[in-house]
Every structure is written in C-alpha cells, then in structure tokens.
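Visitor: Could you take me through a close look at the local backbone of this model, and then at how some of its parts pack together? I would like one connected account rather than a list.

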Amino acid sequence: MRALMLDGIRSFRSVDLPEPALPSGGVLIRPTAVALCGSDLMGYLGTHPRIRPPTVLGHEALGVVESIDDGVVGLEVGDRVAIDPTSGCGTCRLCRVGRSNICPEYRVMGEHVDHPGAMAGLLAVPAGQCHVLPDDLPDRLAAIVQPMAVSYHAAIHRARIEPGETVVVIGAGAIGLGVLAAARLAGAEVIIADVVPSRLERAERMGAVVTVDPRHDDLTAIVRDRTEGHGAEVVLETAGGADDRLLLQAVESCSPGGRVVVVGLKVPEGRIPVKDLKFHEKTVMGSQAHPNTFPEVIAHLAAGRIDVTDLVTHELPLDEVQRALELLADRDPSVLKVVLEH
C-alpha cells in the first residue's frame, strides 16, 4: 500500500509498505481524511520527544471500515468511523478503571515507528477504538473529533464546568477554541486570551464574552473586574509552550475554591503560589488526552450543540502534507486546523 513517510526533518517521501494484517478483535480502516496538530508539526521539525523518522504520521483521522475480524460486533464493512488514536496496556489498574490516558504504556497512533498513523492506505485498529459517524457529519468536522475530544475532556470531565460559572481560557488555538465551545455548551460565560488578533476574532464569533490580548491588557485585572473581584471559577491553560508564567496567571485569575486545569503547558517544573492553594482552596489539575469522550463529542457535533466549523481553515490533498506543515511552521495567523483528504 502507498504511504507518506516522514523520513527526516522537514522531509516526506511516498513509499510502498506491506498492507497490515487484520488484527484479532479489530478492523482494517481505509483512511479518508486526517487533520494535522502540533505534535505532527513537532515531529516534522524534529522537536517531538517520541516521533522519530522514518514513521507514518496522522492521528486525527477518520476512514471507512474495509474488513472486520470474526466476533466483532457493532461495526459493519462500509461504516464511516472516527478513530480514537490512543491506547494503554489494557491490563494495569488505570486501564481497568477507564483511565488508559494515564497508563504508563500510553501510546498514540502515528507517534511511534511501530504504530503507524493515517497517512497510509490502510490502518489496523482495535474495534473498540472505532466510533461510527452519522452520515450528516461532514468529513471536515469528523476529522477534528479527536482534538475536540481533548477540549471536551478538559472542560467537562476535568474542570466539571457548571452553568453560570465564569471560565477563563488562556490560549485560543484549536484546543482553546474547542474548550470555549464545550464551556458554552455547559452554560458558562467565557473569557479567552491570546496574542493573535485573528484568533480572538474567531473566539468572539464562537461566543466568548470578553477577549484579551495579554500583551496590552492585564488578564487578571479584567477577570476580577468582570467578576466583581471574585475571579473565575475555572481557568484552563491551553496555550502550551514552555513559559510557566501562564500557570501563575491562571492561578491568580482563579477564584477562591476554583479550579485550574493545565491542558497545554509542558514545562517540567512550574511555579505555583502554594498560599493560594492552602488559604483559598484552589485546585490545580492536569488534563491528558480524551478518555471515554468520542461518543459524546460525535453526538454533540452531529446535533449542532457544539459548533467548531470555524476551526478548520484549510483543506488540502494528502499529497500536499509538506505544504500544509510549512503553513503551520510559518505561524500564519490565518491557519488553525488543516484537514488533508486522501
């Protein structure tokens, strides 16, 4: 089968690979679309901690079921499915209680040489990681079920946002805007911060009540003014990067008794004002991946309860993956999510 192989820094080539065998308890999927994310870009630039060439990228994907192992129920040949690209060992204590996202052996399709992604003609996938898509959900939205699931898990399962709460989102990239959409679904009022004007404009269209450029305005002061000095009940950091000042700002903007959720930040260590945790009973927690969220997210997207149409800014043929990744590498503010079509 044909695949696009990342074979070096900023380098792809078309290769012929053996077709995968039909796995026990699994299915073969013919990918039809794959979206790009920050980890794909890091792999392309040679900065990802796990992605090493030669490998086949692509974990935000959907496709059509080509064949099914005997005994698999709930799937049929021809079904269009979104693919959950994550897995754990399946046997440890965490996996047994549905938390494979924090299993010590957690893996992501397309991030390991022996676990190829969706930039190929066929994928072998466990049946439990395939989620049937409704016919009226277009490919461009079905391709971003996975990143929306990351946002949904952070906002709904971890932050447990309640109606009427004020929520601050730091970072208006794809994950941050997905958090905005999930928070609005939960009935919250959302303040969002970013340094890219076009992203703030997009956030306004998606329902943010206040947008803040922290280069010019004091986010914490604006939050306190908006909440009569109280602070936001929930603050989610989705900007990523390596600046722990975002974590400090998140805790400062949070109300007494509030929750701070770290979604994007990957610094090995970060400063936290412990006095706020002790005397104001603030909670700081992490959010990793998207366990047990795909069915909910697909249902919300299909029903229009979550509208993230604005997130997909570019649709290109799969053969233009290098051009697509260069668009992301250039930090063009008009580029948010790129969907590649097989």
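Guide: In this predicted model, E281 sits in the loop that runs between α9 (274-279) and β15 (283-286). The backbone there is worth pausing over, since E281 has a positive phi of about 50° although it is not a glycine. Most residues other than glycine have a negative phi, and most peptide bonds are trans. E281 has a relative accessible area of 62%, and because the cut-off for exposed is over 50%, E281 counts as exposed.

A comparable description can be given for R331, which belongs to the loop between α11 (321-329) and β17 (337-341). R331 is not a glycine either, yet its phi is positive, at about 55°. With a relative accessibility of 65%, R331 counts as exposed.

The other backbone feature to look at concerns a peptide bond. P53 and P54 are joined by a cis peptide bond, with omega at about -5°, and P54 is placed in the loop between α1 (38-45) and β4 (60-68).

From the loops we can turn to a strand residue, V27, which is found in β3 (residues 26-35). V27 has a relative accessible area of 0% and is therefore buried, the cut-off being under 20%. Leaving aside residues up to four places away in sequence, V27 touches L22, V65, S67, I68, L75, L123, A124, V125 and C130. One of these partners, C130, is 103 residues from V27 in sequence, while the C-alpha atoms of V27 and C130 are 8.6 Å apart in space.

Finally, consider a pair of helices, α4 (residues 145-158) and α5 (residues 174-185), whose axes come within 8 Å and cross at roughly 50°. The two helices α4 and α5 are therefore oblique to each other, and their crossing is right-handed. On the α4 side the contact is made by P147, M148, V150, S151, Y152, A155 and I156, which meet A174, I175, G178, V179, A182, A183 and L185 in α5. Sorted by character, the residues of this contact between α4 and α5 comprise twelve nonpolar and two polar ones, with no charged residue.

Technical notes
Residues are numbered from 1 along each chain as its sequence is written. This is a predicted model: local features need pLDDT of at least 70, side-chain atom pairs count only at pLDDT 80 or more; totals for chains, interfaces and linings use all residues. Side-chain values use heavy atoms; hydrogens and water are left out. Axes are lines fitted to C-alpha atoms, for helices over the stretch in contact, and angles run from 0 to 180 degrees between N-to-C directions. Helices (H or I, at least four residues) and strands (E, at least two) are DSSP runs, numbered from the N terminus. Angles under 35 degrees count as roughly parallel, over 145 as roughly antiparallel, 65 to 115 as roughly perpendicular and the rest as oblique. A crossing is left-handed if the near helix is turned anticlockwise from the far one by less than a right angle, and right-handed if clockwise. Contact means heavy atoms within 4.5 Å. Ala, Val, Leu, Ile, Met, Phe, Trp, Tyr, Cys and Pro count as nonpolar, Asp, Glu, Lys and Arg as charged, and the others, Gly among them, as polar. Buried means under 20% relative accessible area, exposed over 50%, partly exposed in between (1.4 Å probe, protein chains only).
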